[in-house]
Amino acid sequence: MFNTAVEDLLNKALIERNDLFLIDFAISSDNKIKIIIDGDQGVTVEDCMFISRAIEHNLDREEQDFSLEVMSAGAASPLVDKRQYKKHVNRTLKLKTADNTIEGTLTGATDEHITLEWKVREPKTIGKGKVTVKKQASIAYEDIVEAKVMIKF
């Protein structure tokens, strides 16, 4: 019953703030609530506070003892939601599929797939040496094993 109440409060808060979306949600056996959110324009401390208050202020601590932790998806965390891909268009991703690993620029994201572009050095068709070739692939979300945004300094 407690888990259902928390989940309902979380869903109401996310409906109210439709720019935010859920990445992970768990309640341990000792009532430690852990919520990870992301947003179409990123996540601020105020966004985490909004979600936290929407839950905490509607639960009675006299009835149920709990701890609550609301955080944003980390910069190095893998992308898990299609909305995350859309907000990272034109950034560099390191993407793993069952067949290979590609590091390239995310140039597009739809509801079905992403488009990735990268450059590779390949042998010339005639003569010695190598030439830089620009490659592009359309990859379905279900084929992605893991994708992370590469942070460049």
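Two residues are taken to be in contact when heavy atoms of one lie within 4.5 Å of heavy atoms of the other. In the predicted model described here, I35 offers a starting point, for, when neighbours within four places in sequence are left aside, this residue is in contact with L10, L22, D24, F25, I51, I55, L68, E69, V70 and M71. I35 is also, together with I51 and I55, among the residues with the most contacts inside the largest nonpolar core, which has 18 residues. Helix 1 (2–16), strand 1 (20–27), strand 2 (32–39) and helix 2 (45–56) each supply at least two residues of this core, and the largest share, six residues, comes from helix 1. Apart from this core lies another, of 15 residues, which includes Y85, A109, W118 and A147. In soluble globular proteins, nonpolar side chains tend to be buried together.

The overall arrangement of the chain can be set out next. The secondary structure of the protein comes to three helices and eight strands, and from the N terminus on the elements follow the order α-β-β-α-β-α-β-β-β-β-β. The radius of gyration is 21 Å, well over the 15 Å that the globule rule gives for 153 residues, so the protein is more spread out than a compact globule. Taken along the principal axes, the box filled by the C-alpha atoms is roughly 80 × 30 × 30 Å. Of the 153 residues, 32% are buried, and the protein exposes about 9900 Å², of which carbon and sulfur atoms supply 48%. Among contacts between residues at least 6 apart in sequence, 49% join residues at least 24 apart.

One of the sheets is open and consists of three strands in the order 1-2-3, with mixed pairing. Strand 1 and strand 3 (67–72) stand at its edges with a single partner strand each, so that one side of each is left without a neighbour in the sheet. From one strand to the next, the twist of this sheet averages 20°. Strand 2 and strand 3 run parallel and are joined by six bridges, and within strand 3 it is L68 that serves as the bridge partner of I33. Two helices lie across these strands: helix 1 lies across strand 1 and strand 2, running at about 170° to strand 1, whereas helix 2 lies across strand 1, strand 2 and strand 3, running at about 155° to strand 3. The loop between strand 2 and helix 2 contains T44, which is partly exposed, with a relative accessible area of 41%. The C-alpha atom of T44 is separated by 23 Å from that of D8, the two residues being 36 residues apart along the chain.

A further open sheet is formed by five strands in the order 7-6-5-4-8, and its pairing is antiparallel. Strand 7 and strand 8 (144–149) occupy the edges, each with a single partner strand, and therefore one side of each is left without a neighbour in the sheet. The twist here averages 35° from one strand to the next.

Within this five-stranded sheet, strand 5 (residues 101–109) and strand 6 (residues 113–123) run antiparallel and are joined by four bridges, forming a hairpin with three residues between the two strands. The bridge partner of G108 in strand 6 is T115, while L106 stands opposite L116 in strand 6. Strand 6 is in turn joined by 11 bridges to strand 7 (residues 130–140), and these two strands likewise run antiparallel. E117 has Q136 as its bridge partner in strand 7. Strand 6 and strand 7 form a hairpin with six residues between them, and G127 in the turn has a positive phi of about 90°.

The loop between helix 3 (82–87) and strand 4 (92–97) holds H88. With a relative accessible area of 11%, H88 falls below the 20% limit and is therefore buried. When residues up to four places away in sequence are not counted, H88 touches L79, L106 and V149.

Key
Residues numbered from 1 in each chain as written. Predicted model: local features only at pLDDT ≥ 70, side-chain atom pairs only at ≥ 80, totals over all residues. Heavy atoms only, no water. Core = buried A, V, L, I, M, F, W, Y, C linked by side-chain atoms within 4.5 Å. Buried < 20%, exposed > 50% of the residue type's maximum accessible area, 1.4 Å probe, protein only. Pairing = 2+ DSSP bridges. Axes fitted to C-alpha atoms, helices over the stretch in contact; angles between N-to-C directions. Rg over C-alpha atoms; globule rule 2.2 N^0.38 Å. Areas by Shrake-Rupley, 256 points an atom, 1.4 Å probe, with all protein chains shown as cover.
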